[in-house]
Amino acid sequence: MELVYLSRADVEGLGMSMSEVLGALDRGFAAKGRGHTEMPPKPGIHTRPDCFIHAMPAYVQELEVAGLKWVSGYPPNTAKGLPYITGLLVLNDCETGVPLAVMDCAWVTAMRTGASAGISARYLARAGSSAAAIVGCGVQARTSLMALVEELPDLSEVRCYDLFPEATQRFVADMAALFPALRFVTCASAPDAVRPADVVVTAIPIVVDPEPDIDAGMLKEGGLAVALDYDSAWTSAALRECDKFCSDDVGQLLATKAHGVYFGGIPAAISADLGELAAGLKPGRERESERIFSMNMGIAVDDMVTAKVLYERALERGAGVRLPL
Ligand SMILES: NC(=O)c1ccc[n+]([C@@H]2O[C@H](COP(=O)([O-])OP(=O)(O)OC[C@H]3O[C@@H](n4cnc5c(N)ncnc54)[C@H](O)[C@@H]3O)[C@@H](O)[C@H]2O)c1
């Protein structure tokens, strides 16, 4: 028996596009909505304050993919010149359980996280949304913008804010090179970025005691907010004023809330998860004026459906290294 090992460079070299990742995620969410997935809540260990290593297993029956992501997030890494997110993903044969592949998971994590913001926009953004705001201009922000470009045909302006102006500048330079038709506006604060935007993505570090500065009344009527950073960027009042509160996984949201550290301020009623929206079981946006919030924590189903495409492409192309079990 042997498995395929794919380094970060191997994974990137397979050239999976954002549009392909969005397609894979939508199929995965729809399967989850129909109840054809198994995804237990993720356990984690915590070797340093505000740091985590999470185990994220999932089986997506409709797409015959099973595996586990073992991913760490270490905020102090940035100062050490290391990525915040690192880790590995293992795919198993659904019939035999035999490991098929081990791959770097940083690219998968970034692409599927951005794509989840795109899926939120697909079902929850107002038609004609033309201005996006990005708060926290790091790795997930970049892929989120890539996904918004795919999902929002009228997107023309991107309002950017990062605590560190040089991070905003790097983001604008990188993304303007990718999307020269977009107008990038550098903002002096998160509220400045958010107020005129139709779709807002926040991706700042998740911390235990956040001091959010996006408050009630700042997300405009008809706006969509997508938080990739738990409740770090938005006040409870801002979360509660939304007409619909959605998530990528209600079970995981409520299980995390039950631990008592995060999500204390979310509304009691959760309108839908992205699985129910993708499967057509619940309506997404129903009125132009609705304020909608999508709390996307990142789910293992997203990782597995993306990794399956990569694995099959690697087999076709003979990419990566074969290792004996
Ligand atoms: N939901 C998901 O699926 C998922 C997946 C991966 C990462 N994340 C989360 O997304 C967030 C961003 O991750 P990343 O990999 O892009 O990290 P990153 O370090 O690349 O980017 C974070 C950016 O936020 C900026 N920042 C820090 N504090 C800020 C503040 N108060 N206001 C504005 N900007 C601020 C930093 O300068 C940095 O540029 C983290 O919270 C991470 O845990 C979520």
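What follows is a conversation about how some structural terms apply to this predicted model.

Trainee: Which ground rules apply here?
Mentor: This is a predicted model, where local features need pLDDT of at least 70 and side-chain atom pairs count only at pLDDT 80 or more, while totals for chains, interfaces and linings use all residues. Residues are numbered from 1 along each chain as its sequence is written, and side-chain values use heavy atoms, with hydrogens and water left out.

Trainee: What makes the radius of gyration agree with a compact globule?
Mentor: The radius is taken over C-alpha atoms, and the globule rule is 2.2 Å times the number of residues to the power 0.38. For 325 residues that gives a value near 20 Å, and the protein has 19 Å, so the two agree. Along its principal axes, the C-alpha trace spans about 60 × 40 × 40 Å.

Trainee: How many helices and strands are there, and what counts as one?
Mentor: The protein has 10 helices and 16 strands. Both are DSSP runs numbered from the N terminus: helices are H or I with at least four residues, strands are E with at least two.

Trainee: Why are β10 and β14 called edge strands?
Mentor: Two strands pair if DSSP finds at least two bridges between them. The open sheet of eight strands has the order β10-β9-β8-β11-β12-β15-β13-β14, with parallel pairing. β10 (183-186) and β14 (272-273) each pair on one side only, and these are the edge strands.

Trainee: How do you know that β12 and β15 pair?
Mentor: Four bridges join β12 (residues 224-227) to β15 (residues 292-295), and the cut-off is at least two, so they count as a pair. The strands run parallel, with A227 opposite M295 in β15.

Trainee: Which strands does α4 lie across?
Mentor: Helix α4 (residues 139-151) lies across β8 (131-135), β9 (157-161), β10 and β11 (199-202), at about 155° to β11. Axes are lines fitted to C-alpha atoms, for helices over the stretch in contact, and angles run from 0 to 180 degrees between N-to-C directions.

Trainee: What makes T186 exposed?
Mentor: Buried means under 20% relative accessible area, exposed over 50%, and partly exposed in between, with a 1.4 Å probe and protein chains only. T186 sits in strand β10 and has 54% relative accessibility, so it counts as exposed. Contact means heavy atoms within 4.5 Å, and leaving aside neighbours within four places in sequence, T186 is in contact with C160, T168 and V172.

Trainee: Is D50 buried, exposed or partly exposed, and what about Y230?
Mentor: D50 has 37% and therefore counts as partly exposed, while Y230, at 8%, counts as buried. D50 is in the loop between β3 (44-45) and β4 (52-60), and Y230 is in the loop between β12 and α7 (236-240).

Trainee: What phi do D50 and Y230 have?
Mentor: D50 has a positive phi of about 60° although it is not a glycine, and Y230 has a positive phi of about 55°, again without being a glycine. Most residues other than glycine have a negative phi.

Trainee: Where do the side chains of β6 point?
Mentor: In β6 (residues 85-92), I85, G87, L89 and L91 point to one face and are buried, while T86, L88, V90 and N92 point to the other and are not. In a regular strand the side chains alternate between the two faces of the sheet.

Trainee: Which strands pair with β6?
Mentor: β5 (residues 65-73) pairs with β6 in the antiparallel sense over eight bridges, and β7 (residues 99-104) pairs with β6, also antiparallel, over five bridges. β6 and β7 form a hairpin with six residues between them, and G97 in the turn has a positive phi of about 80°.

Trainee: Why does the largest nonpolar core lie between the two domains?
Mentor: Such a core is a set of buried Ala, Val, Leu, Ile, Met, Phe, Trp, Tyr and Cys residues joined through side-chain atoms within 4.5 Å. This one has 73 residues, and L91, M103 and L145 touch the most other members. Domain 1 (2-108 + 301-324) and domain 2 (116-297) both give residues to this core, so it lies between them. Those bounds come from an automatic or database domain assignment. Apart from this core lies another, of 32 residues, among them F245 and F263.
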